[in-house]
Amino acid sequence: EALRALLDFGFGELDLNRIEADIDPRNCASARALERLGFTQEGYLRERWIVGEEVSDTAIYGLLRREWRGQP
């Protein structure tokens with residue numbers, strides 16, 4: 001519900017055309033949450049982050065205003 005409010009604010013008050021999310025692709029719960037909100041996975045960047053000794057990939061998701069308007 002909080003994410004819906006943020007998306008409403010971004011697309012409404014801020015008049016954004018596009019909102020992106022960058023997640024760890026191993027986090028399946030985050031991916032499912034974004035997909036439920038209408039986000040589409042648009043990219044996969046290998047070995048994008050190095051934190052300490054851990055190298056990890058990232059998944060990029062995007063949502064356009066016209067796609068959000070169709071949300072209930």
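These numbered points describe the nonpolar core, one buried strand residue and several salt bridges of a predicted model.

1. The largest nonpolar core has 13 residues, and among these Leu 7, Phe 39 and Tyr 61 touch the most other members. At least two residues of this core come from each of α1 (2–11), β1 (18–23), α2 (28–36) and β3 (54–64). In soluble globular proteins, nonpolar side chains tend to be buried together.

2. Phe 39 deserves a separate look: apart from its neighbours within four places in sequence, Phe 39 is in contact with residues that include Leu 7, Ile 19, Leu 34 and Tyr 61.

3. Ser 56 lies in strand β3, and because its relative accessible area is 12%, which falls under 20%, Ser 56 counts as buried. When neighbours within four places in sequence are left aside, its contacts are Arg 26, Glu 47, Arg 48 and Trp 49.

4. The count of salt bridges comes to six, and one of them joins Asp 15 to Arg 65, with the closest N and O atoms 2.7 Å apart. This pair links distant parts of the chain, since Asp 15 sits in the loop between α1 and β1 while Arg 65 belongs to helix α3, 50 residues apart. Asp 15 is exposed at 56% relative accessibility, whereas Arg 65 is buried at 16%.

5. Strands β2 and β1 are linked by a salt bridge between Arg 48 and Asp 22, whose closest N and O atoms are 2.5 Å apart. Both partners are partly exposed, Arg 48 at 38% relative accessibility and Asp 22 at 37%. Elsewhere, salt bridges with shared partners join Arg 18, Glu 20 and Glu 42 into one network.

Conventions. Residues are numbered from 1 along each chain as its sequence is written. This is a predicted model: local features need pLDDT of at least 70, side-chain atom pairs count only at pLDDT 80 or more; totals for chains, interfaces and linings use all residues. Side-chain values use heavy atoms; hydrogens and water are left out. A nonpolar core is a set of buried Ala, Val, Leu, Ile, Met, Phe, Trp, Tyr and Cys residues joined through side-chain atoms within 4.5 Å. Buried means under 20% relative accessible area, exposed over 50%, partly exposed in between (1.4 Å probe, protein chains only). Helices (H or I, at least four residues) and strands (E, at least two) are DSSP runs, numbered from the N terminus. Contact means heavy atoms within 4.5 Å. A salt bridge is a side-chain nitrogen of Lys or Arg within 4 Å of a carboxyl oxygen of Asp or Glu.
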